[in-house]
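Q: Please take a close look at the interior of this protein, for a reader who has not met the structure before. What lies inside, and which residues take part?

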Amino acid sequence: MRDTVGATAYGRVGDNNDAGMLYLSTSKYKNPAVSTWGADATGPDLTAKGVGNFTQDDGIPLQVWDASDATIVMPACKSGSTSGWTCGVVAADKVAEIVNDNGELLDVYGFHFSAFLLSGDSGGAIVSGHYAIGVDSYGNMSSCDDAADDDAVAGGFAIVDGKYNAEEMFKHGFNLSINVGQPKFAKLAAGQISGMVDAAAGAKVTVAVDGKSYVAIVGNAGAWTVRLPKALAPGSHKVTAVASLQAKGSDFTTTGAAAFRKFTR
């Protein structure tokens, strides 16, 4: 959601459970995104302990490209309905916790990170760059000032991390919704076609040249290149490119919009 609807509040809803509602209109918002919820337009500080400005309708959207394990010292930013968008780093992984799941005490594993988190933030997304790493769950901070304390703790449950992920621990199935962008052509030559795409490293770009298909793998910076087995003959050629990726822990593949181009050699 890109706008605040009604009033925001925080607290607990029966049996120490948090509750929330999110309405998604796929016709209006075609690209899945996590709102930055108050991040500065120039981007948040990814290393310092952040302090939210408690707004949900400020900042820019952030595309989520894939899921990633939470590893120590990696940047970690979270969104939350109480404190907004704050950032820090992962301080500890695979931390054992005991939680009450509908009256049953369960041993679960999460990770600690240094972003500012308050009651009511539970359920918000935790990301590192364009990669989803977890879900807000718990913390020991009660005000903005507490974020500066050395013993301040914010905790989350991992999206993917072997058997220590939220889906496996709580037996609730879900699939991460990701954004795969439309490829952009950078170079069309007789024996090589290259370009860029807003997608995770490892995504597949399928390129069709005059009906023949070739596959490129996206690199860390979004670059992809297809090298043709032989130079194209002189004349006009039609090229299409489409990117796709099966997110980690997901059961389905997300495919982006196709790009079309004609060029003459």
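A: The following account treats the interior part by part, beginning with the nonpolar cores.

The model is a predicted one. Its largest nonpolar core has 31 residues, and within this core Val205, Val207 and Trp224 have the most contacts. Four elements give two or more residues each to the core, namely β12 (204–209), β14 (223–227), β15 (236–246) and β17 (259–264). Of these, β15 provides the largest share, with four residues.

Val205 shows how such a residue is surrounded. When residues up to four places away in sequence are not counted, Val205 touches Pro183, Val197, Tyr214, Val215, Ala216, Val218, Trp224, Ala241, Val242 and Ala243. Trp224 thus appears both among the residues with the most contacts inside the core and among the residues that Val205 touches.

There is also a second, separate core, which has 17 residues. Phe116, Ile126, Ile133 and Met141 are among its members.

Ile133 leads on to Ser128, for Ser128 is in contact with Met74, Pro75 and Ile133 once neighbours within four places in sequence are left aside. Ser128 belongs to strand β7 (residues 125–128). The relative accessible area of Ser128 is 11%, which is below the 20% limit, so the residue counts as buried. A polar atom of the Ser128 side chain lies 2.7 Å from the backbone oxygen of Pro75.

Ala200 offers a further example of a buried position. Ala200 sits in the loop between β11 (192–196) and β12. With a relative accessible area of 1%, Ala200 falls under the same 20% limit and is therefore buried. Apart from neighbours within four places in sequence, the contacts of Ala200 are Trp65, Asp66, Tyr131, Val218 and Leu245. Val218 is also touched by Val205. Ala200 and Val180 are separated by 20 residues in sequence, while their C-alpha atoms are 7.9 Å apart in space.

The interior also holds an enclosed space. A search of the whole structure finds one cavity of 30 Å³ or more, and the volume of the largest cavity is about 40 Å³. Its lining consists of Ala70, Asp93, Lys94, Tyr109, Gly110, Phe111, Ala158, Asp161 and Tyr164. Two elements, β5 (86–101) and β6 (104–113), give two or more residues to this lining. The largest share, three residues, comes from β6. By character, the lining residues divide into five nonpolar, one polar and three charged.

Technical notes:
Residues numbered from 1 in each chain as written. Predicted model: local features only at pLDDT ≥ 70, side-chain atom pairs only at ≥ 80, totals over all residues. Heavy atoms only, no water. 1 Å grid on protein atoms, 1.4 Å probe; cavity = no way out; pocket = protein on both sides within 12 Å on 5 of 7 lines; lining within 4 Å. Points joined across faces, edges and corners; volume = space filled by probe spheres on them. Nonpolar A, V, L, I, M, F, W, Y, C, P; charged D, E, K, R; others polar. Buried < 20%, exposed > 50% of the residue type's maximum accessible area, 1.4 Å probe, protein only. Polar contact = N/O pair within 3.5 Å; in protein donor to acceptor, adjacent residues only side chain to side chain. Contact = heavy atoms within 4.5 Å. Core = buried A, V, L, I, M, F, W, Y, C linked by side-chain atoms within 4.5 Å.
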